[in-house]
Amino acid sequence: MAILTWSDQLNLGIPSVDQQHQHLVAILNQLDEAVALGYEPQKVLSLIDELVDYAHYHFDNEEQLMLDSGYDGELFGKHQIQHQEFVKRIRQEQSKAQNDPDTVSNSLIDFLVEWLMGHILFSDKQMALALNQNASVSVDQIKQEQTDIMQSNLYSALRESETRFRELADQLPALIWISNNKHVPIFCNRFWSQTFGLSKQNISQSNWHKTIDPSDLERVERIYQTASQELSEQQVEYRLNRPGQDTVWILEKIVPRVRRNGQYAGLMGFGMDISLQKQAEANLELQVNQRTRQLVDANTKLAIEKDQQQALNRQLKDLQSHLIQSEKMASLGQLAAGVAHEINNPLGYIYSNLNTLQQYIQELLKIIEAAQVLALQMPADNPLVVDFQRLQKSVDLDFMKADIPDLVKEALEGATRAKKIVQDLRDFSHVDKQDQSQFDLEAGIDATLNIVNNEIKYKADIVKEYAGVKPFVCVGSQINQVILNLLVNAAQAINDFGKMTIRTGYEGKDWVWFEVEDSGNGISEEIRSKIFDPFFTTKPVGKGTGLGLSLSYKIIQDHKGRIELESTVGKGSKFKVFLPCQPFDADA
C-alpha cells in the first residue's frame, strides 16, 4: 500500500530536497500500511517517532536552503508555517498514540494525503521553480501536474480501499464517477457534483445526465453502452449546459468494471474540463481560415506572376532536377548504409555460430557412429540395443547423417553470400565520403553489379573485360552512381535476354575509362541529342524519371571528364566514360 508512489514527476531538480522527499514519502507509505493493515501499536508509534524526527531534519535543511538562496520572504513565511503545522499535527497524533495506540486511524492518513497534495506537489514545487529561476511554469501548470500525479495514484487507491478512494477522488479537480451494472450512479466525486450542479443526495439514474447538451446526449449514452457491452475502454467529448453559465466542454474516459469472475459490474468514468482547449481550437480554426484566405489571395497573385517566371524556371529546371536527384540518392545511400550496418552485426553472429555448429555436428556424428558400433557389439536382444535400433529407424538416422552436413554447408554459403552483398552495399553507399579520395574503379563496378544483380541476372549475361585499372582520385560514391545508372539503363534496353559487356582501360597517361555495352534495342539518331536532357525518357509512364543519364552527365562534367555513345538500332549501345587520372578541383 502507498499514499504516493514515487516517480520522476515528483523530483524538484534539487538533489538534496528530492532525496529527503523520497525518504519522507517512504516513511509516510510505511505508516499508511501499518495503519491500514493493523500493525502492532509499537510499530505504529515507532513510525510516527521516525516521521517527526525526519520531518524536523528535512524542514530545517529546506528552510536553510530557501534562506541561503534568497527565497521570497512572504512565501518563505507561508512555507515555514506549513512546516510548523505539519509537525504540530503529527505531535498531536503522536501524543494520542502514546496514550491510546488504537486512536491512530485514517484521520492521520487523510491529513498526510492532503499535506502531500498541498505541500510537496504544490508549495515545494513552486519553491523549486523559483530557486531554479524557472518562470515559464505557471501556477495553473503546477496545479495540473499536481492533479496528474495524484490521478496516476488513483488506481492503486481504488484497489486498496474504496473509502480512501472516495476521499482522494473528492480532492481531485477531475470528474470521477462510478455506476453499477444497471447504469445507476453509485459514486460521483465532489468536483463532478459541482460541475454538473447536482448534490450527491439528489443524483439518480433519471437526472444525472440532464445537464449534458441534448445534441450530445445520445452519443454519450451510445459510448457508455459500447463500453459496457464490449468491455472496452472508450473516450468521448460532450458539452454541459447549466442555466446562467457558460457551456463547459468535458473530455471523459470510460472504463468497464469487471469482477474477478469476469462478470460486468458497471462503469467508471474520469473527466476533465477542456473548455479552454476547445476555445483555443476555435481560435486556431479562425486563424487557419484567415490564413487560408490570405494564402488564396497570395496564390492568385502567384498565378498571375507565373507566366512572367516561366522563362526563368526553364533555366533553373536543370539545376533543380540534379539537386532533387542528388538529395534522393543521398537519402537512399544513407538508408542503405544504415541497413547494411545493422544487418552486418547479426550476420556475423550467424556466420560464426554456423561454423561452430558445423564443428559440433561433426563431433556429434562421431558419437553417433561410436554408438552404432557399440550397438553392433552388444547382443541384439539387449533392451537398450532394441530401443536404439528402433530410435534410429523412427528418426531415419542414416538420412539425417547424410543431410545435416549439406544443410549446414548450404547455410554457410548463404551467410557468405549475404555478407558479400552487405559489404558491397556499404562500399557502394559511402554517403559520408563526398570528398575526393582514392577510388578502385573495378572494385566499384563489382560492388555495383552485386547490388543490381536482381535486376540484371534475368536480362543478360555479364562479361567483364578489366584492364587492371589502378585506384585514382575522384568522388567514388558519385562514380558508383554513374555506373549504376548505365548498368540499369543497359538492362532495361534488352527486351528478352541478352548480353552486357563491361570494360576498363587507359587512354594515354592522363585518362582512365570504363564502358558498358549492351545487346539491346539501340538508340536512334533522332533522340541521341536529347538523352542527356533532364526528364527526357523513352520509357513508359511510371518506369523512369528521365534523370539517370542527365545526373550521370553532370557528375562526369564535374569530374572534368566526358562520355561518348556508340549505338546501332536493333543491335545495342555502348556508353564510354573517360575520367582524368590526376586530382581535380570540383569547385573550379
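Axes are taken as lines fitted to C-alpha atoms, for helices over the stretch in contact, and the angles between their N-to-C directions run from 0 to 180 degrees. In the predicted model, helix H13 (residues 441–451) lies across E7, E9 and strand E10 (511–518) and runs at about 160 degrees to E9. Helix H15 (residues 476–493) lies across E9, E10 and strand E12 (572–580), with an angle of about 20 degrees to E10.

The strands crossed by these helices belong to an open sheet of 5 strands, ordered E7-E9-E10-E12-E11 with mixed pairing. Strand E7 (460–465) and strand E11 (562–568) form the edges; each has a single partner strand, so one side of each is left without a neighbour in the sheet. From one strand to the next, the twist averages 15 degrees. E7 and strand E9 (residues 498–507) run parallel and are joined by 6 bridges. Within this pairing, Gly 498 in E9 is the bridge partner of Ala 460.

Ser 552 is located in helix H17 (residues 548–558). Its relative accessible area is 1%, and Ser 552 is therefore buried, the limit for this class being under 20%. Apart from neighbours within four places in sequence, Ser 552 is in contact with Val 482 and Asn 485.

Aromatic interactions were examined next. The whole structure contains 7 aromatic pairs. One of these, formed by Trp 177 and Tyr 224, is tilted, with 5.2 Å centre to centre and 40 degrees between the planes. This pair links distant parts of the chain, as Trp 177 lies in strand E1 (residues 175–179) and Tyr 224 in helix H9 (residues 214–230), 47 residues apart. Trp 177 and Tyr 224 are both buried. The rings of Phe 439 and Phe 472 have centres 6.3 Å apart and planes at 85 degrees, and the pair is therefore edge-to-face, since angles over 60 degrees fall in that class. Distant parts of the chain are again linked, with Phe 439 in strand E6 (residues 437–439) and Phe 472 in strand E8 (residues 472–474), 33 residues apart. Phe 439 is buried at a relative accessible area of 8%, and Phe 472 counts as buried at 4%. Trp 177 and Tyr 224 also belong to one aromatic cluster with Trp 192, Phe 196 and Trp 208.

Charged side chains were also found over aromatic rings. Lys 278 lies over the face of Trp 249, at 4.6 Å from the ring centre. The ring of Trp 513 has the charged end of Lys 576 over it, 4.1 Å from the centre of the ring.

Key: Residues are numbered from 1 along each chain as its sequence is written. This is a predicted model: local features need pLDDT of at least 70, side-chain atom pairs count only at pLDDT 80 or more; totals for chains, interfaces and linings use all residues. Side-chain values use heavy atoms; hydrogens and water are left out. Helices (H or I, at least four residues) and strands (E, at least two) are DSSP runs, numbered from the N terminus. Buried means under 20% relative accessible area, exposed over 50%, partly exposed in between (1.4 Å probe, protein chains only). Contact means heavy atoms within 4.5 Å. Rings of Phe, Tyr and Trp (its six-membered ring) pair if their centres lie within 6.5 Å; planes under 30 degrees apart count as stacked, over 60 as edge-to-face and the rest as tilted. A charge sits over a ring if NZ of Lys or CZ of Arg is within 6 Å of the ring centre and within 35 degrees of the ring normal. Two strands pair if DSSP finds at least two bridges between them.
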